[in-house]
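Please walk me through this model in a viewer, one selection at a time. Say what to pick next and what is found there.

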Amino acid sequence: MKLTPDNKLKKLIIVGDRVLIKLRKADERTSSGLYLPPGVQEKEKVQQGFIIKTGPGYPIPAPVEDDEPWKEREEAIKYIPLQAKEGDLAIFLLNGSYEVMYEGEKYYIVPQHSILMLEREEEL
């Protein structure tokens, strides 16, 4: 498979209850008119960015059925889906996230419990 800008993230698989977030470009100026360097903005405790990919959710343990030992067991893992969806704007805690570099770009892997708020474009 050849990587293009459209499919370079298709190879990534996000595990469990985590999401992949790309930071939204922050305003260079504060409300009072001061210009802030990018390093100051990136170290704030609360950040915002767009969700690029999501994991399958929280795994639910399969019920154990030992009444028929001859029966083949299926490893059908079920998940509780995440509230976050691809394309949402997420406001999240930086403390609970992990910064990763992929293809020269910076992303954050954030567990769902570190996301404080979501903004979705579609109507409810």
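## A lysine without a partner

Begin by selecting K53, which is buried yet has no salt bridge. The nearest side chain of opposite charge belongs to E86, and it is 5.8 Å away. That distance is beyond the cut-off, because a salt bridge needs a side-chain nitrogen of Lys or Arg within 4 Å of a carboxyl oxygen of Asp or Glu. Keep in mind that this is a predicted model.

Colour by secondary structure and K53 will be found in strand β2, residues 46–54. What does the side chain of K53 reach? Draw a distance to the backbone oxygen of L12, which the side chain of K53 reaches at 2.7 Å. Then show the surroundings of K53 as sticks. Leaving aside neighbours within four places in sequence, K53 is in contact with L9, K10, L12, I14, V19, L20 and E86.

## Zoom out: the whole chain

Return to the full view and switch to a cartoon. The protein has one helix and eight strands. From the N terminus on, the order of the elements is β-α-β-β-β-β-β-β-β.

Of the 124 residues, 26% count as buried. Among contacts with a separation of 6 or more, 73% are between residues 24 or more positions apart. Turn on the surface next: the protein exposes about 9800 Å², and carbon and sulfur atoms supply 54% of that area.

## Salt bridges

How many salt bridges does a search of the whole structure find? The search finds four, and three of them are stops on this tour.

Select K22 and E105 to start. Their side chains meet in a salt bridge, 2.5 Å from N to O. The pair links distant parts of the chain, with K22 in strand β1 (residues 18–23) and E105 in strand β7 (residues 105–111), 83 residues apart. K22 counts as partly exposed at 29% relative accessibility, and E105 counts as partly exposed at 25%.

Move on to E99 and K106. These two form a salt bridge whose closest N and O atoms are 3.8 Å apart. E99 is partly exposed, with a relative accessible area of 47%. K106 also counts as partly exposed, at 26% relative accessibility.

## R120 and its surroundings

Now select R120 and D88. R120 forms a salt bridge with D88, and the closest N and O atoms are 2.7 Å apart. R120 lies in the segment after β8 and D88 in the loop between β4 and β5 (89–93), so the pair ties together parts that are 32 residues apart in sequence.

Is each partner buried or exposed? R120 is partly exposed, with a relative accessible area of 30%, whereas D88 is buried, with a relative accessible area of 2%.

Stay on R120 and show nearby residues. Not counting residues up to four places away in sequence, R120 touches Q83, A84, K85 and D88. The side chain of R120 also reaches the backbone oxygen of Q83, at 2.8 Å. For a backbone view, pick the C-alpha atoms of R120 and G87: they are separated by 7.6 Å, although the two residues are 33 residues apart along the chain.

## A nonpolar patch

Put the surface back on and select V46, L93, L116 and M117. These residues form a nonpolar patch on the surface, with about 350 Å² of accessible area together.

Pick L116 from the group. L116 sits in strand β8, residues 115–119. L116 has a relative accessible area of 51%, so it counts as exposed, the cut-off being over 50%.

## Last stop: a proline in a loop

Finish at P61. Where is P61 placed? It is in the loop between β3 (58–60) and β4 (78–80). P61 is exposed, with a relative accessible area of 69%.

Add I77 to the selection and draw a distance between the two C-alpha atoms. The C-alpha atoms of P61 and I77 are separated by 7.2 Å, with the residues 16 apart along the chain.

Note on methods: Residues numbered from 1 in each chain as written. Predicted model: local features only at pLDDT ≥ 70, side-chain atom pairs only at ≥ 80, totals over all residues. Heavy atoms only, no water. Patch = residues over 30% accessible without salt bridge, like charges linked within 9 Å, V, L, I, M, F, W, Y side chains within 5 Å. Areas by Shrake-Rupley, 256 points an atom, 1.4 Å probe, with all protein chains shown as cover. Helix = DSSP H or I, 4+ residues; strand = E, 2+ residues; numbered from the N terminus. Buried < 20%, exposed > 50% of the residue type's maximum accessible area, 1.4 Å probe, protein only. Lys, Arg positive; Asp, Glu negative; His and termini not counted. Polar contact = N/O pair within 3.5 Å; in protein donor to acceptor, adjacent residues only side chain to side chain. Contact = heavy atoms within 4.5 Å.
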